[in-house]
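Me: I am in my first year and would like a close look at one part of this structure. Please take helix packing as the topic, and go through it in one connected answer.

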Amino acid sequence: MYGMTSAISDALPTDIDIQLTKSLDDALSREKVITTDEDLSQRLEVLSMLNNLAKEWIREVSMERNLPEITAENVGGLVCTFGSYRLGVYHKGADIDAIVIVPRHITRADYFATFYNKLKENPNINNVRAVEEAFVPVIKMIIQGIEIDMLFARLALKEVHEDTDLQQDDLLRNLNPKCVRSLNGCRVTDSILRLVPNRESFKKTLIAIKLWAKRHRVYSNALGYLGGVSWAMLVARVCQLYPNAAPATLIHKFFLIFSKWQWPQPVLLKPSYFMDLGYPVWDPRVNMADRNHVMPIITPVYPQQNSTFNVSHSTLAIIQDEFKTSLDIMGEILTGESSWSKLFQPSKFFTKYRYFLAITVFANCDEELLEWRGLVESRLRFLPTSLEEIECVQRSHLNPDQFVLPYEKSQGRPSSVWFVGLEISKSNGTVVQLDFSTHIRDFCLLVKSRAHTIFKAGMDIQVNHLKRKDLKDYVPDELKKEKAIPNTVGSKIIARLSTEGRHCISELVEESQKSPTSRKRSVEDCIDDNIIKKNLLSNEEKMFVLGSVESHTSPSSENKSDNLVNTLLSTEKENNSLSTENETKENINIVKESLMPPEARHSTVEPEDTLTSPVSNKCCADNENDENDQKKLRLLHPTVA
């Protein structure tokens, strides 16, 4: 048995599953995320060079410590990889996570002094920078165009050999907590590979999920979304529940399970265990701070930690929305209505909201911009959380992608810019006054208070409020790409009602001839019944999935679980402002539109301000243009720099 429970299904792949997996392979090849032999050779060459540099540095420091030459030659030292490279899911352009493991006579001060200087002096290594004050201290560099993040760990051993087993918990005894956190990367990666029943299926599924997460803008641990190790653990849990499934099936089960998961119920790959070594572990029964984690995904080795402690209620809601949308798309792929390219197409952001904040950082040169941008990025997740404290801000959506300002805006200075999309509640005809100045000023002060060690003249940060029409001066290419993404209205319903549901659509149209009240109830009942049939887990599956962890549920999550069906309804039953007849006509139109051929549906391009689009900004009233918005929404805060 793998994981916390026995498998939900041991079924072998069917011919259809194998065929879908082959089409998935073709789609991933077109996306160029499959590793090539040339890229592998380049990475092996880079790692070999780093390993030689590290061992040479350890020998030099050992000689300075007055160790005999023979001893200095044999103290060893080790460079290990972890993350995407160790898991085998990297692609061209991806970075490499590595760690230098040294014997006890080498110190962290040596690492950030002599080894740092050795890297800086090497002509083959560029953009070397140290982040010594980070939660996990790191030296960053670029070798042959590949970004390297190198950590440091000092073991309480005289010698560190190539065959040292890092999975032994006793190695952590009497270590510095920073070294324990650094070693956790290797230990977690190796443990994940040992806990999955089929490594090849796991790797292929993880490659697809990581590509999906990046395209749907939910891939960034620093900005409050999920990082690579968190996505790997979610995929590993699905592989444990379906040990013999093909990658195409695993992707569908991934979205099915985690779109229903009752957070903050934690995800674990194996039962927790205790070691009396004195390091803090994730345990909400003991640690009050752990009870505030909204999406806990727990690492499988001691000391167990939550890999998603940066996730907020806002980013969790965004991730859940993407899960549900992608589950609908998977339904279309399984029924042959859509291809895998639809799952991997970028999600809409700039055409989804009407109001934005642009956070721009400047520096004098590219090397200084790297340091300054990294510091701002580490604090950026606090700004959306602060903005949502404003009563009329329903959602503050941070886009994790970085953009470069056009030359006219930056005036030739090196720059990077992030965008925050704002969803504002309906004004109901009254003037809404928004004053962001206090929140933005506090954020800028927070960043600058952390920048005392790296701040240099020319480094600057600016926050500007924008309307959608202003974005053409900032990201014109992104706007064009998003407008070219076709509409998919109606395809979700046809996917959910495929097979036995198709006869139900005709029944809906027939029922539309009845009275307004009966028409509304019939449409809602039939659609909801089919959605529930298609999307709800069976009681047995629910028991496996939700019972796979120790019970720890907040009162808010208990209230949500009381009526899980309500989270699946696609109609907005609480909207009492529209008449019953208008609601019925809208539902019938959606159903009729779903019967259109795919060519007709996908050929239409969504206009920028279409309010009936599923991705349009719901904070704006119907048929409301930008001029009317300006009358009803007043942005008071000035540009804060």
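Me: Please centre the account on helix 9, which packs against helix 1, and then go on to what lies around it.

Reply: The account below starts with helix 9 and then moves outward. The model is a predicted one.

Helix 9 covers residues 247–258, and helix 1 covers residues 15–30. The axes of these two helices are 7 Å apart, and the angle between them is about 90°. An angle from 65 to 115 degrees counts as roughly perpendicular, so helix 1 is roughly perpendicular to helix 9. On the side of helix 1, the residues in contact are Asp17, Leu20, Thr21 and Leu24. On the side of helix 9, they are Pro247, Ala248, Thr249 and Ile251. Sorted by class, this contact holds five nonpolar residues, two polar ones and one charged one.

Helix 9 also packs against helix 10, which covers residues 313–334. Here the axes come within 9 Å and cross at roughly 145°. The crossing is left-handed. Helix 9 brings Ala248, Ile251, His252, Phe254, Phe255, Leu256 and Phe258 to this contact. Helix 10 answers with Phe323, Ser326, Leu327, Met330 and Leu334. By class, there are ten nonpolar and two polar residues in the contact of helix 9 with helix 10, and no charged ones. Two residues of helix 9 deserve a second look. Ala248 and Ile251 are listed in the contact with helix 1, and Ala248 and Ile251 are also listed in the contact with helix 10.

Next comes the chain that links these two helices. Pro264 sits in the loop between helix 9 and helix 10. The peptide bond that leads from Trp263 into Pro264 is cis, with omega near 10°. Pro303 lies in the loop between helix 9 and helix 10 as well. The bond from Tyr302 to Pro303 is cis too, with omega near -10°.

Helix 9 also has a residue beside an enclosed space. A search of the whole structure finds two cavities of 30 Å³ or more. The second largest cavity holds about 30 Å³ of space. Leu250, within the 247–258 range of helix 9, is one of the residues lining the second largest cavity. The others in that lining are Pro197, Asn198, Ser201, Cys239, Tyr242, Pro243 and Ala245. By class, the lining has six nonpolar residues, two polar ones and no charged ones.

The largest cavity also has a volume of about 30 Å³. Among the residues lining the largest cavity are Ile318 and Glu322, which fall within residues 313–334 of helix 10. His216, Arg217, Ser347, Lys348, Lys352 and His397 are lining residues too. The lining of the largest cavity divides into one nonpolar, three polar and four charged residues.

For a further case of packing, turn to helix 12, residues 366–379, and helix 15, residues 437–449. The axes of helix 12 and helix 15 come within 10 Å and cross at roughly 130°. Helix 12 and helix 15 are therefore oblique to each other. Helix 12 passes helix 15 in a right-handed crossing. In this contact, Trp372, Leu375, Val376 and Arg379 of helix 12 meet Phe443, Leu446 and Val447 of helix 15. The class count is six nonpolar residues, no polar ones and one charged one.

One backbone detail remains. Asn174 has phi near 65°, a positive value in a residue other than glycine. Asn174 is placed in the loop between strand 5 and helix 6.

Definitions and conventions
Residues are numbered from 1 along each chain as its sequence is written. This is a predicted model: local features need pLDDT of at least 70, side-chain atom pairs count only at pLDDT 80 or more; totals for chains, interfaces and linings use all residues. Side-chain values use heavy atoms; hydrogens and water are left out. On a 1 Å grid over the protein atoms alone, a cavity is a set of points where a 1.4 Å probe fits but cannot get out, and a pocket is an open set with protein on both sides within 12 Å along at least five of seven lines; lining residues have an atom within 4 Å of a point. Grid points are joined across faces, edges and corners, and a volume is the space filled by probe spheres set on the points. Ala, Val, Leu, Ile, Met, Phe, Trp, Tyr, Cys and Pro count as nonpolar, Asp, Glu, Lys and Arg as charged, and the others, Gly among them, as polar. Axes are lines fitted to C-alpha atoms, for helices over the stretch in contact, and angles run from 0 to 180 degrees between N-to-C directions. Helices (H or I, at least four residues) and strands (E, at least two) are DSSP runs, numbered from the N terminus. Angles under 35 degrees count as roughly parallel, over 145 as roughly antiparallel, 65 to 115 as roughly perpendicular and the rest as oblique. A crossing is left-handed if the near helix is turned anticlockwise from the far one by less than a right angle, and right-handed if clockwise. Contact means heavy atoms within 4.5 Å.
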